[in-house]
Amino acid sequence: MNLEVTNILAVVLTAFIPVVVGVLWYSRLLFGKKWRQYEGITPEMEQHMKKQSMLKKTIVAYITYFFIAYALAILVNFMVVAALIPAIVLAVVVWLGFMIPAAVSDYLWSPHRKSWSLYHIHVGFFLVSTILMSVSLALWM
């Protein structure tokens with residue numbers, strides 16, 4: 001069984017994909033307005049959020065995406081995924097098998113449970129990000 005990752009540069013760069021997708025996904029261009037509404041974010045709260053360190057949050061998020069990219073790279077190598085459709089299938093299986101159950105559990109046990117629509121925005125972000133990451137790694141590695 002080969003669990004090594006031979007192209008760490010591919011993993012490092014692929015981990016930036018969810019950062020870019022997140023900037024777009026949660027912007028006013030896509031789902032930002034609805035996300036703010038479902039989260040109950042007021043204009044005052046938004047101003048306060050802008051004053052907080054976005055760099056620190058982005059770095060922490062990038063580190064978590066690096067772990068996802070690294071795990072996907074192991075799966076891509078192990079399963080010898082080197083084409084578009086198998087990469088998409090792999091991403092959807094990972095999303096359905098790991099991300100959706102974790103997100104549902106988190107949602108159900110949250111004392112501040114919000115709308116299911118907010119949940120759909122979040123899991124949609126992870127679906128798109130995971131597909132793009134898997135395709136990137138499959139075609140690059």
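**Aromatic pairs, a surface patch and single residues in a predicted model**

In this predicted model, one aromatic cluster is formed by Y26, W35, Y65, F125 and F126. A search of the whole structure finds eleven aromatic pairs.

Reader: Why is the aromatic pair of F16 and Y62 called tilted?

Author: The planes of F16 and Y62 stand at 35° to each other, and the centres are 4.5 Å apart. Rings pair if their centres lie within 6.5 Å, and planes under 30 degrees apart would count as stacked, those over 60 as edge-to-face. The angle of 35° fits neither class, and the pair is therefore tilted.

Reader: What makes this a link between distant parts of the chain?

Author: F16 lies in the loop between α1 (8-14) and α2 (17-25), whereas Y62 belongs to helix α5 (residues 54-79); the two are 46 residues apart.

Reader: How do you know whether F16 and Y62 are buried or exposed?

Author: Buried means under 20% relative accessible area, and exposed means over 50%. Y62 has 16% and is therefore buried. F16, with 42%, falls in between, so F16 is partly exposed.

Reader: Why is the pair of W25 and F31 also described as tilted?

Author: The ring planes of W25 and F31 are 45° apart, with 4.6 Å from centre to centre. Because that angle is neither under 30 degrees nor over 60, the pair counts as tilted. W25 is buried, because its relative accessibility is 12%, while F31 is partly exposed at 32%.

Reader: What makes F31 eligible for a nonpolar surface patch?

Author: A patch takes residues with over 30% relative accessible area and no salt bridge. F31 has 32%, so F31 passes the cut-off for area. Together with V20, L24, L29 and L30, F31 makes a nonpolar patch of about 490 Å². V20 is located in helix α2.

Reader: Why is the phi of V80 worth mentioning?

Author: Most residues other than glycine have a negative phi. V80 is not a glycine, yet its phi is positive, at about 55°. V80 sits in the loop between α5 and α6 (84-109). Its relative accessibility of 67% is over 50%, so V80 counts as exposed.

Reader: How do you know that S129 is buried?

Author: The relative accessibility of S129 is 2%, which is under the limit of 20%, and S129 therefore counts as buried. S129 is part of helix α7 (residues 116-140).

Reader: Which residues does S129 contact, leaving aside its neighbours within four places in sequence?

Author: With those neighbours left aside, S129 is in contact with I17, P18 and V21. Contact here means heavy atoms within 4.5 Å.

Terms used. Residues numbered from 1 in each chain as written. Predicted model: local features only at pLDDT ≥ 70, side-chain atom pairs only at ≥ 80, totals over all residues. Heavy atoms only, no water. Phe/Tyr/Trp six-rings, centres within 6.5 Å; stacked < 30°, edge-to-face > 60°. Helix = DSSP H or I, 4+ residues; strand = E, 2+ residues; numbered from the N terminus. Buried < 20%, exposed > 50% of the residue type's maximum accessible area, 1.4 Å probe, protein only. Patch = residues over 30% accessible without salt bridge, like charges linked within 9 Å, V, L, I, M, F, W, Y side chains within 5 Å. Areas by Shrake-Rupley, 256 points an atom, 1.4 Å probe, with all protein chains shown as cover. Salt bridge = Lys/Arg side-chain N within 4 Å of Asp/Glu carboxyl O.
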